[in-house]
Amino acid sequence: MKPILLLLGFLFFGSCATTIDLYKEKQLSATMESDNAVRVVWLGTAGLYVSDGETSFFIDPFVSRHGLLKVLCGFPLPPMLPEIQAWVRQVDGAKAQAVIVSHSHYDHALDAPFFAQTTGAILVGSASTAHIGLGAGLPEKQLQIVQPGSRFTCGRFEITFIQSRHSKAALGRIPWPGEITSPVIPPASASDYRLGEAFAIRVTHPKGSFVHLGSAGFVEKMFADMQADALFVSIAGREDTRELLHHSAATLQAKLVIPIHFDNFFKPLDQDMAILWGADLPEFFQTAGSFAPDINVYTLPIGRSTVLFP
Ligand SMILES: [Zn+2]
């Protein structure tokens with residue numbers, strides 16, 4: 001019963017019309033296009049597709065959205081291969097070079113090996129993530145294990161893995177902690193996808209830099225001496241918005257903040273988006289506005305390519 005109780009704290013959700021209106025009102029619009037602009041597509045949850053027109057990669061792509069009861073009851077969660085293939089086509093990502101995973105929970109890592117399989121990309125993540133890749137049948141040459149401090153080059157993108165911490169998103173506790181020590185053979189249940197290492201991912205490119213924070217946790221001074229133009233920050237399960245912004249956006253001097261991982265991921269992606277209960281998007285906007293008025297907070301539309309750096 002314990003995993004179910006843990007999940008209940010994390011996963012109560014609902015949808016409020018005014019919050020959805022806020023999400024739509026605040027969407028970043030594509031401006032000043034150029035052929036080699038850095039563009040992003042949000043896939044929902046913490047999933048991103050990033051491209052500069054030459055090179056592209058995914059971070060935490062997850063589209064196999066099973067219902068809440070199935071997850072809570074520990075049923076096996078098969079990857080939804082037709083959806084994965086459709087999303088690769090939709091973002092024009094067949095030539096993606098890497099699939100990068102911030103941590104090994106199922107809503108970040110379950111689909112990652114299958115995005116790698118569909119595109120031929122390398123799966124990059126912790127040792128736990130590599131076990132998810134092996135279990136899915138990826139050959140070892142398509143796996144790269146990284147540690148805090150590791151760097152990975154992808155075309156003109158330079159990617160650095162920074163030690164982070166998962167938020168205490170489940171009744172004040174970190175959900176499904178621990179390492180994965182043997183291959184996870186799908187379909188597996190959510191609790192088989194243990195956390196592993198939690199990374200913040202910093203991406204630099206001649207056009208600009210950004211940080212992806214896959215969970216709303218942080219380590220003090222994790223971004224000391226680092227700068228980023230933009231921050232993608234997961235906000236579900238955050239403990240304190242000001243503290244989170246202080247240790248991420250403020251330290252990084254990021255002028256653009258894009259909240260992610262506030263959508264209800266128990267609902268199929270092809271349905272209208274709903275907000276996870278407790279993710280409290282309005283509070284995030286309000287607190288960010290009073291915390292640092294020079295920070296611009298925008299949302300991204302799911303599935304639509306948007307210019308990040310023209
Ligand atoms: Zn997680």
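1. Val211 stands opposite Leu231, a residue of strand β11. The model is predicted. Val211 falls within strand β10, residues 208-213, and β10 runs parallel to β11, joined by four bridges.

2. On its other pairing, β11 meets strand β12 (residues 256-260). This pairing is also parallel, with five bridges. Val233 of β11 has Pro259 as its bridge partner in β12. Helix α8, residues 241-252, completes a right-handed β-α-β unit with β11 and β12.

3. Is β11 covered on both faces, or where is it open? Both faces are covered. Ala230, Phe232 and Ser234 are buried on one side, Leu231 and Val233 on the other. That makes five of five residues buried in the strand, which spans 230-234.

4. Leu231 also matters for the core count. The largest nonpolar core has 97 residues, and Leu48, Val99, Ile100 and Leu231 touch the most other members. In soluble globular proteins, nonpolar side chains tend to be buried together.

5. Ile100 has contacts beyond four places in sequence with Phe57, Phe58, Ile59, Val124, Gly125, Ile159 and Ile201.

6. Seven strands build an open sheet with mixed pairing, ordered β6-β5-β4-β3-β2-β1-β14. Its edges are β6 (143-145) and β14 (306-309), each paired on one side only. Neighbouring strands are turned by 25 degrees against each other on average, direction ignored.

7. At the β14 edge, strand β1 (residues 38-42) pairs with β14 in the antiparallel sense over three bridges. Val40 has Thr306 as its bridge partner there. Helix α6 (residues 112-119) packs on the sheet and touches β3, β4 and β5. Its direction makes about 150 degrees with that of β5.

Note on methods
Residues are numbered from 1 along each chain as its sequence is written. This is a predicted model: local features need pLDDT of at least 70, side-chain atom pairs count only at pLDDT 80 or more; totals for chains, interfaces and linings use all residues. A residue is buried if 20 or more other C-beta atoms lie within 10 Å of its own, exposed if 12 or fewer, and partly exposed in between; C-beta atoms are placed from the backbone. Helices (H or I, at least four residues) and strands (E, at least two) are DSSP runs, numbered from the N terminus. Two strands pair if DSSP finds at least two bridges between them. A crossover is right-handed if, with the strands pointing away from the viewer, the path from the first strand over the helix to the second runs clockwise. A nonpolar core is a set of buried Ala, Val, Leu, Ile, Met, Phe, Trp, Tyr and Cys residues joined through C-beta atoms within 7 Å. Two residues are in contact if their C-beta atoms, placed from the backbone, lie within 7 Å. Axes are lines fitted to C-alpha atoms, for helices over the stretch in contact, and angles run from 0 to 180 degrees between N-to-C directions.
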